[in-house]
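Student: I have a model on my screen and I would like to learn how to read it. Can you take me through it feature by feature?

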Amino acid sequence: MTLAPAAPPRASSATLIGIAVLVVALALVPTVSQALGNPFLIKIATRIVIFAIAAVALNLVLGFGGLVSLCHAGLFGIGGYVLGIAAAQLDGEVSAALLPATGELAVVLPLAMAVAGLAAAVMGVIALRTSGAYFIMITLAFNQMLYYVFVALQQYGGEDGLQFNAALTLFGHPATGRVPFYYGCVAALALVLAGMQRLIASRFGVVLRASAQNERRLTALGIPPLPYKLAAFALSGAVAGLAGALFAASQSFISPSAMSWVQSGDLVVMCVLGGLAYVAGPVIGAGAFVALEAVLSGWSVHWQLAFGGFIIAVVVTLRGGLIDLVRIAARGGRAS
Amino acid sequence: MTMIASRAATAALVVMCGVAALALPHAARADEPIKIGFLSTFSGPQGQLGQELFDAFNLGLKSTGGTLGGRKVELIQGDDQAKPDVGRQVADKMIESDHVQILTGIVFSNVMLAAAKPTLDAGAFVFSINAGPSQYAGKLCHPHYFNESFQNDMLAEAMGIYLRENSVKRVYLMAPNYPAGKDFLAGLKRTYKGELAGEVYTAFGQLDYAAEIAQLRAADPGAVFFFYPGGMGINFVKQYAQAGLMDKVRLYGPSFSLDQTILPGIGDAAVGSFASTFWTEDFDNAASKKFVADFEAAYGRLPSTYASAAYDGARILDAALKAIGGRIEDKDAFQKALESVKFDSIRGHFKFNTNHYPIMDSYLSEVIKDAKGRPTLKRLELIKADQADSYAAECAMK
Amino acid sequence: MTTALLIEQGLNGLQLGVQLFLMAAGLTLVFGIMNMINLTHGSLFMVGAFLAATVLAHTGSFVLALVVAVPATALAGLVLEAAVLRRFYGRSHLDQVLVTFGLIMVINELTRMVWGNVPVPMALPQVLSGAVTIYPGVTYPSFRLAILAVGLLVALGLYVVVVHTRVGMWVRAGASDRAMASAMGVNVGLVFSLVFAAGAALAGLAGIMAGPISAVQVGMGEPVLILALVVTVIGGIGSIKGALIAAVLIGLADTFGRVLLPPALGSMIIFMMMAAILAWRPRGLFPVHG
């Protein structure tokens, strides 16, 4: 019982060009925003880029490993809290024995990735005993546990969340300026995309994709799939943690609501909406999701009607997600 | 050449701006509408509360002729989905994209905590018509932050006073396990001080309370104080009545657990329970009567205490802006006008404390059936006049 | 804990479990037989409750509310199946999750547009509004006993239908080998539609029975859906017996967990239990497919 159609290898130069175009387009947002005189565009673009990183991370296990995880919001939140707690200690509001008091991103971001990756590895060891719908539900269970743990942690704000005022730095330079921070996020996304693309094309990626299609054959070939899946899950968790840390940094705030299971579901929707077969698919999904939500919710209190309708329309008409539109357009362009 | 041209252009521009500034005194500015961001919870199970506030705020605006201090109003609506981070993002959008001057409408304290900071940092006003977190009443109090509804703990403190003064023994406390739930129970304990028969926190959004109600019955308390807003309140009160406890152990709660956002969903089961409140549907001042009649005519239902605060909210803004000729751009003047605002509150009387939270009269009310057979709150007695919140002393503004 | 309290809490756990079973039964049938993750099951629960509340408000008869709302919810399920979901039986689970996720949003908003934001009242049927003494010192609400009875009857009925009737045989045939069943003259499409309608009817019934004890409001289906999914996977997807046992297990664990554990742990107990059970038995307690 496979859950997701595992993607065939697609490391063609067209894909790489696609990624490059996407990154360049994202990098142009501040310029456009300035031309339009609307600084808020950068904030919404920051949100898109951060969720895109989380969705790309999820897609490593979802699209290429065939594992539908509902605990990625939890991992995202762990990353966010690592940064939040580290920075809030500078304000003197909270204290933590295991985390340094620092707002230096060069220290905190790798730390957030390490903690989230470790948490993912621990959960993966247990969750990967199951498969299919059972895997979905056991990861949902882990997500709920993480959520309630952070709700219960009153010293870090509980349900109110954790605010911090400390200025964040990158190698000693202030990093919270809106435009530089945005460029930093785009750079992180570009690195993640490039890394994922290489990983998928490598032997590791081939085995991971094969494990999603036919685990038995893989075992017969003498390759035990579990270590590969576990490694992918931990790596995916680490990158989700990175996204969470960037999210906390962008808002100077993190709360358990960012790690609810609904948020995990939203990440899955972003992946499927964009397209699972491509490393960059989830970026398009995240863009469509965040932008639509922001635009529609300003129009009417019944915005979820249109939002739900849009999702249904995409699943019914485009089997490969929104990225199919890009492919169709590209093919059409070449034919003419 | 180009340098000269550009310098000339700059000079022309400066002159034009100067002329424009001279030609456009305050009167011309008054043509621009006042921009208000109405950030509230409009979707999901709690969407009812945002709509209730929005309807009542609009009704309040209608009662002032659609203007505030004589100026037109542009209301920009946003949905926080009851999520703090979404609230913060929409607040950012309202400030940077829509250039709102006032942010209002927030239902939940945790959304307020997330959204107020960027709003205040940007120099705009936060004017709460519902959420009343203790942080902004105390340490975080801010010249541009006003709350005209209540501070979370106040109605619980009022009920504690009532229960203590009437020697109600062995009170059993119940609330959801989230910050406002803890605020309410802490508020009650601050003033009640008697022996408690039990103190139980349940999961937020819990549907079934049979197990907790069985424990409650076994503890044999003298009374129950509970705080369950929204759907949780409907579930709890229905199940409490079905367990046959309604006529054995009396239910006491703040009005948020027993007002018109909840009573219609419960039906008759809540009749005979008691709520502490700052307003009920049967207040007999003229402004309140007009509010209830207009609200019912406009929306076909009775207004809740949430609605009463939102309606007064629009009228406070109008009164304060009238006093300064609509000049909301003069922030100091607007702040002072709000601090000393005089208006015809449907609560009877109203004023702001030094921390910009209300000083209010708290009443005891009972759930009864009105002439049309609908469950409503009936005012019984004044519990405490001029009640202030317990955090004002921590606020540096004097 | 005294004996009386123990009995009462035991009944509470059992009753909660049976209520969850009503939801999970339909879910596990559709999941097991059509291999379809149907997240709109919670929406059907909500639709059932709203329809029944409306009929009850106009007629005052709970029986009539049941008689109208259960078939109406089944019909709503049929329409949903024919219009959208039928084409997703062969698609990946992810596509199914996505399309039903979108449908949840649409159905919630439509319900809000029709019935409004304010929770709809739903009174207890007069006969069952009291409480009965079932043990010295234990009085129990009659309506909750009725839920218990309805749930156990449904369990029995499902067992008889699936194991001992021709329809049940078709269902089992269609589930185990679609092509073979078609060749033998079973109209698989029809069987699937019937199963879906039956699942919808059960969800509607669960919603109607939940209406008088909880808030009838938009979004009431999702929390119940999550619990029903938990029950479904713990029991083993497709297993009615597993769903019943898992539902009772969850009902008891939740009830005693909430009473005996601190609140933070009490909220987690169900999920901790699910993780533990799946770690021990990765295909649930009663795996159906080999």
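Tutor: We will go through confidence, then chain A, then chain B, then a contact between chains.

Student: Where do I start?

Tutor: With the origin of the coordinates. This is a predicted model. Look at the scores before the fold.

Student: What ipTM and pTM does the model score?

Tutor: The ipTM is 0.87 and the pTM is 0.89. Confidence can also be read chain by chain. For chain C the mean pLDDT is 89, and 97% of its residues reach 70 or more.

Student: Now chain A. How many helices and strands does chain A have?

Tutor: Count the elements to get the make-up. Chain A has 14 helices and four strands.

Student: What does the radius of gyration say about chain A?

Tutor: Compare the value with what the chain length leads you to expect. For chain A the radius is 20 Å, close to the 20 Å that the globule rule gives for 336 residues, so chain A is as compact as a globular protein of that length. Then read the spans. The C-alpha trace of chain A covers about 55 × 50 × 40 Å along its principal axes.

Student: And the interior? What percentage of the residues in chain A is buried?

Tutor: Burial counts neighbours around each residue. In chain A, 56% of the 336 residues are buried. Sequence separation adds another view. Of the contacts in chain A between residues at least 6 apart in sequence, 78% join residues at least 24 apart.

Student: How does chain B read?

Tutor: Use the same steps. Chain B holds 14 helices and 14 strands. Its radius of gyration is 23 Å, close to the 21 Å from the globule rule for 398 residues, so chain B is as compact as a globular protein of that length. The C-alpha trace of chain B spans about 95 × 40 × 40 Å along its principal axes.

Student: What about burial and contacts in chain B?

Tutor: Buried residues are 59% of the 398 in chain B. Among chain B contacts with a separation of 6 or more, 73% are between residues 24 or more positions apart.

Student: Last, the contact between chains A and C. How many residues does each chain give?

Tutor: Chain A gives 30 residues and chain C gives 32.

Student: Which elements of chain A supply at least two residues each to the side that touches chain C?

Tutor: Map the residues onto the elements. They are α6 (132-152), α11 (261-274) and α13 (303-317) of chain A. The largest share, 10 residues, comes from α6(A).

Student: And the chemistry of that side?

Tutor: Sort by class. The side of chain A that touches chain C has 22 nonpolar, seven polar and one charged residues.

Conventions
Residues are numbered from 1 along each chain as its sequence is written. Chains are lettered from A and ligands numbered from 1 in the order in which they are written. This is a predicted model: local features need pLDDT of at least 70, side-chain atom pairs count only at pLDDT 80 or more; totals for chains, interfaces and linings use all residues. The radius of gyration is taken over C-alpha atoms; the globule rule is 2.2 Å times the number of residues to the power 0.38. A residue is buried if 20 or more other C-beta atoms lie within 10 Å of its own, exposed if 12 or fewer, and partly exposed in between; C-beta atoms are placed from the backbone. Two residues are in contact if their C-beta atoms, placed from the backbone, lie within 7 Å. pLDDT is the predictor's confidence in each residue, from 0 to 100. Ala, Val, Leu, Ile, Met, Phe, Trp, Tyr, Cys and Pro count as nonpolar, Asp, Glu, Lys and Arg as charged, and the others, Gly among them, as polar.
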